[in-house]
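Please open the model in your viewer and keep the sequence panel beside it, since this tour moves from one selection to the next.

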Amino acid sequence: MTFAIEIEKKHIQKSERVKSLEIHPTEPWVLVSLYTGTVQIWNYQSQTVEKSYQVSESPVRSAKFIAREKSIVVGSDDHFIRVYNYTTEEKIKEFKAHDDYIRSLAVHPTLPYVLSCSDDTMIKLWDWEKDWACTQIFKGHNHYVMQVAFNPKDQNQTFTSVSLDCTMKMWNLSSSDPILELEAHSKGINCVDFLTCNDKQYLITGSDDHTAKVWDLQNQTCVQILEGHKNNISALAVHPELPALFTGSEDGTFSVWDVTNYSLLNTQISELGRIWAIGFASLEDTHILIIGCDEGMIIGKIV
């Protein structure tokens with residue numbers, strides 16, 4: 001199966017620097033967090049901003065939908081997590097979560113949990129049914145923790161983290177110590193995603209060494225190095241339906257890789273500067289790619 005990425009120029013949405021993107025599971029919404037401290041819900045069907053929240057004076061690096069609670073959770077450089085009801089637009093919770101910038105949030109798919117990770121090297125687990133109490137702290141990294149992601153297998157009892165200490169770690173929610181640790185790159189790791197291919201589970205890591213690597217989790221080995229970017233890999237995402245992996249870089253390009261053989265299918269220039277976030281949506285049976293960059297968002301069609 002061959003892919004090409006067609007970028008429809010009319011779907012360029014200019015804004016301040018986009019730091020994170022998330023697609024709502026049922027509404028045609030993208031949750032966009034901006035370096036200016038604003039979070040927006042952008043409708044990719046009508047191409048309009050539906051809601052906007054001035055969260056902080058500091059950059060917001062991660063914002064996630066908690067769709068089953070009709071809310072969003074936001075982590076920013078002022079060390080705070082804030083929660084908003086997106087129906088009433090009311091702020092329902094605000095608390096100091098870390099001692100440094102909050103880099104990434106992850107929402108558990110079924111349990112009332114949110115993970116946060118920070119430049120303070122900590123990962124924390126929050127339970128919103130206990131009024132957002134911190135129920136576990138995960139220690140082990142010795143540099144900024146850049147991203148956390150729940151494992152879609154294992155009944156979501158495990159998660160991964162990547163750090164500028166060059167390691168990727170796997171954790172169990174019930175233990176504060178890692179269950180697996182890999183020295184994954186020669187420079188810091190910025191991003192991570194899970195890939196299941198032929199009933200086998202892999203992890204993809206993206207690094208400041210300009211490469212992405214594919215890891216066989218069972219054997220704890222690197223099975224492929226994806227080379228071609230000329231600067232840090234700052235975002236990556238495995239498509240949920242198509243056998244494709246997307247990587248984005250501070251060189252201002254994004255690449256598409258075939259996950260069945262890891263061949264490079266396509267590389268394109270973003271036209272909006274460095275790439276910080278990649279998301280996928282669908283509209284009337286059309287697969288949509290959304291890329292967050294220095295100067296806004298690009299919305300393209302995956303053909």
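Two strands are said to pair if DSSP finds at least two bridges between them. With that in mind, and remembering that this is a predicted model, select residues 189-197, which form strand β18, and then add residues 200-207, which form strand β19. These two strands pair in the antiparallel sense over 8 bridges, and one bridge to look for joins C197 to its partner K200 in β19. Together β18 and β19 form a hairpin with 2 residues between them, and in that turn N198 has a positive phi of about 50 degrees.

Is strand β18 enclosed or open to the outside? Of its 9 residues, 7 are buried, so β18 is largely enclosed by the rest of the structure.

Next, select F246, I275, I278, F280, L289 and I291, which have the most contacts inside the largest nonpolar core, a group of 16 residues. Strands that each supply at least two residues of this core include β22 (233-238), β26 (275-283) and β27 (286-293). Apart from this core lies another, of 15 residues, with L195, A212, L236 and L245 among them. In soluble globular proteins, nonpolar side chains tend to be buried together.

Now centre the view on I278, which touches, among residues over four places away in sequence, L21, A235, F246, G248 and L289, to name some of them.

Finally, colour the stretches that the unreviewed UniProt entry lists as "repeat: WD", among them 138-181 and 226-267. Residues 138-181 are 0% helix and 48% strand, with end C-alpha atoms 13 Å apart, while residues 226-267 are 0% helix and 55% strand, with their end C-alpha atoms 13 Å apart.

Key:
Residues are numbered from 1 along each chain as its sequence is written. This is a predicted model: local features need pLDDT of at least 70, side-chain atom pairs count only at pLDDT 80 or more; totals for chains, interfaces and linings use all residues. Side-chain values use heavy atoms; hydrogens and water are left out. A nonpolar core is a set of buried Ala, Val, Leu, Ile, Met, Phe, Trp, Tyr and Cys residues joined through side-chain atoms within 4.5 Å. Buried means under 20% relative accessible area, exposed over 50%, partly exposed in between (1.4 Å probe, protein chains only). Helices (H or I, at least four residues) and strands (E, at least two) are DSSP runs, numbered from the N terminus. Contact means heavy atoms within 4.5 Å. UniProt positions are given in the numbering used here, feature names are shortened, and annotations may be inferred rather than shown by experiment.
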